[in-house]
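Got your viewer open? Load the model below, and let's walk through a few stops together.

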Amino acid sequence: MKPASLSLSYLVFILLLSRCSNVIMASRQLCEGHSTPVLCVGAFEGADGFLASGSEEGEVTVWNKEGTVLATLGLVSRDDVTSAVFSPEAPGLLYVSHGETVSVLDPRSLKGVVEELQGAGKEEINSLALNETGSALAVADDSGVVRVLELPGSKAIRTLRRHTNIVSSVAFRPLRPNNLVSAGLDMQVMLWSLQKTRPLWTLNLQEVVEEEDGNQQKAGQLFNPPLAHCVTVASCGNIVACAAEDGHVHLMRIGSGSKLDQQGAFKAHSQGVSQAHFLSFLPHPYWLATGGNDGLVALWDLSQNQVVTCEDKAKPQAVPANRRRPKARAKAKLQSQAKPKAQEEKETVEGEEKKEEGVEGSSMGQSPGTEESLKTGPKLSFNHGDKVNWVCPALLRGKPSLVVADQSPNLTVYSLAGL
Ligand SMILES: *[C@@H]1O[C@H](CO)[C@@H](O)[C@H](O)[C@H]1NC(C)=O
Ligand SMILES: *[C@@H]1O[C@H](CO)[C@@H](O)[C@H](O)[C@H]1NC(C)=O
C-alpha cells in the first residue's frame, strides 16, 4: 500500500488540446500496480468505488477512486488475466478470468482467492460478463463456446455453441433478462436468449463488409477482415456496438421481438478496433468509448446515428423522388465527394433528413449518420500513443473518465470533464 501523498507525486499530467471542443483535457498515469502489461480493467460504480486491473502473468490489482493501489495479488497459476468484472450487487465480489479458470476475489481484502470456478472454460477464457443482479456469469472462451453459470454455486445453466472460432467478447443485454450478445473471430455477432440453445439471430460482419465492397472497389483499398474483438450493449438494452479488426465499429439495433432491426458501421480507427464500451453515466446512453491498435482512444456521440434514431423498420427504403429536398441533396453531395454513387443516394435520403430533424434542440449541432461519423469524427479523441488493450469508462471522484490499459504496466486516466 502507498501513502496517497507519494502516489500523487507520481501523477503525470499531460495536457492535450481536444480538437473538437477547445477544452484542455488532462490525463494522468496510475502506476505501481503492475509489473507486466495490463490486459483488462473493471470498475465498480458503488459508493466505495473500486477499479480492478489484471495483467500478464497473473497479477490482479485493486485501486481506489483516487487511483491509489489498495492491494495486489499474484495468482498462483501465473496465467494472463484476461477479464475482471465486479458484481453489480455485492462490492465484495470480483471475478477474474485466467487460463481456463475464473477466480472469485474479495476486492476489499485481496489476500487470496475466495473461490475457483473450475471448468468455467474449456480453453483460455477471453471475456466475462455478469447480469444485472450478479446472479449469472457468462464466460466466453477460445473453444468457441459461451457458458452461463448460475451464481452462487457456479452451476452451468447454458452452454451456447454456435461460434466457429474463438469467442472474444460477451455482454448481457441491460433491461432484458436472459438475453446476451457474443462476438468472435468467426466475424459473427449473435444474440442469445437463455431459453434457447440457438441464437435468436446472427450477423455475419464479413457478409456486411462484402456487400459494401462493391462500392469500395474503386478506391482500391484493402481492409482487414472484421474479426470481432469487443461487444457492448447500451444501457437502453437495444443498441449493440462491436469493435472489429477492419477499423470499424459495427452497430446493431434490436427491435421488438428481439429482431435485428437495423445495422450499420462507421470507421472509428485507422487500424483494428480492440475496444468499444458504452458509457452508462452520461445524460443519454449512446456515448461510446473506443480504443484501437492505432493508439487512439475516442469518445463518440451516437445519439444522432441512423441506427440509433431510426424507427422500427427493416431496411432503408428508397424514398420517392418528390420527397427529396434540393438543399439536403446538395449538402449530401458536398459531404460525400469521395463516396460511391449507390451510397451517396442512400445517405441523401437517410442521413440528411435525420440531420435536419436532429439539429434542433441539439447543443452539438452535428449529427453523425452511419457513414457521416467519418466526417464529423469523435466528440473527443486522445492520442494515447501505444496500442490499446482495454478502455474502461468509470466515474472517478464523480468525474466521468476513461481508464486505458496498454502494453505497459501503467494505467492512464483521461478525464471527460470537458464534455
Ligand atoms: C440473472 O440471472 C439469473 C440466473 O439465470 C436469473 O434468475 C435472473 O433473472 C437474471 N437477472 C437479470 C436481471 O437478468
Ligand atoms: C509509469 O509511470 C511512471 C510514473 O509516471 C513513469 O515513471 C514510468 O516511466 C511509467 N512506465 C511506463 C512503462 O510507461
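How many nonpolar, polar and charged residues are in the shell around ligand 1? Keep in mind as you look that this is a predicted model. By class, the shell has three nonpolar, four polar and two charged residues.

To see them for yourself, select ligand 1 and then the residues around it: N131, E132, T133, S135, A136, E150, I157, P177 and N178.

Next, hop over to P152. You'll find it in the loop between β13 (145-150) and β14 (155-161). Zoom in on the backbone just before it: the peptide bond from L151 to P152 is cis, with omega near -10°. That's worth a pause, as most peptide bonds are trans.

Now for two stops with a backbone angle to check. Most residues other than glycine have a negative phi. Select E32, in the loop that links β2 (24-30) and β3 (38-44). Its phi is positive, near 70°. Is E32 buried or exposed? Somewhere in between: E32 has 16 other C-beta atoms within 10 Å, so it counts as partly exposed, since buried would take 20 or more and exposed 12 or fewer.

Last stop: E57. Look for this residue in the loop between β4 (50-55) and β5 (59-64). Here phi is near 65°, again a positive value in a residue that isn't glycine. How many C-beta neighbours does E57 have inside 10 Å? The count is 16, so E57 is classed as partly exposed.

Key
Residues are numbered from 1 along each chain as its sequence is written. Chains are lettered from A and ligands numbered from 1 in the order in which they are written. This is a predicted model: local features need pLDDT of at least 70, side-chain atom pairs count only at pLDDT 80 or more; totals for chains, interfaces and linings use all residues. Helices (H or I, at least four residues) and strands (E, at least two) are DSSP runs, numbered from the N terminus. A residue is near a molecule or strand if its C-beta atom, placed from the backbone, lies within 6 Å of it. Ala, Val, Leu, Ile, Met, Phe, Trp, Tyr, Cys and Pro count as nonpolar, Asp, Glu, Lys and Arg as charged, and the others, Gly among them, as polar.
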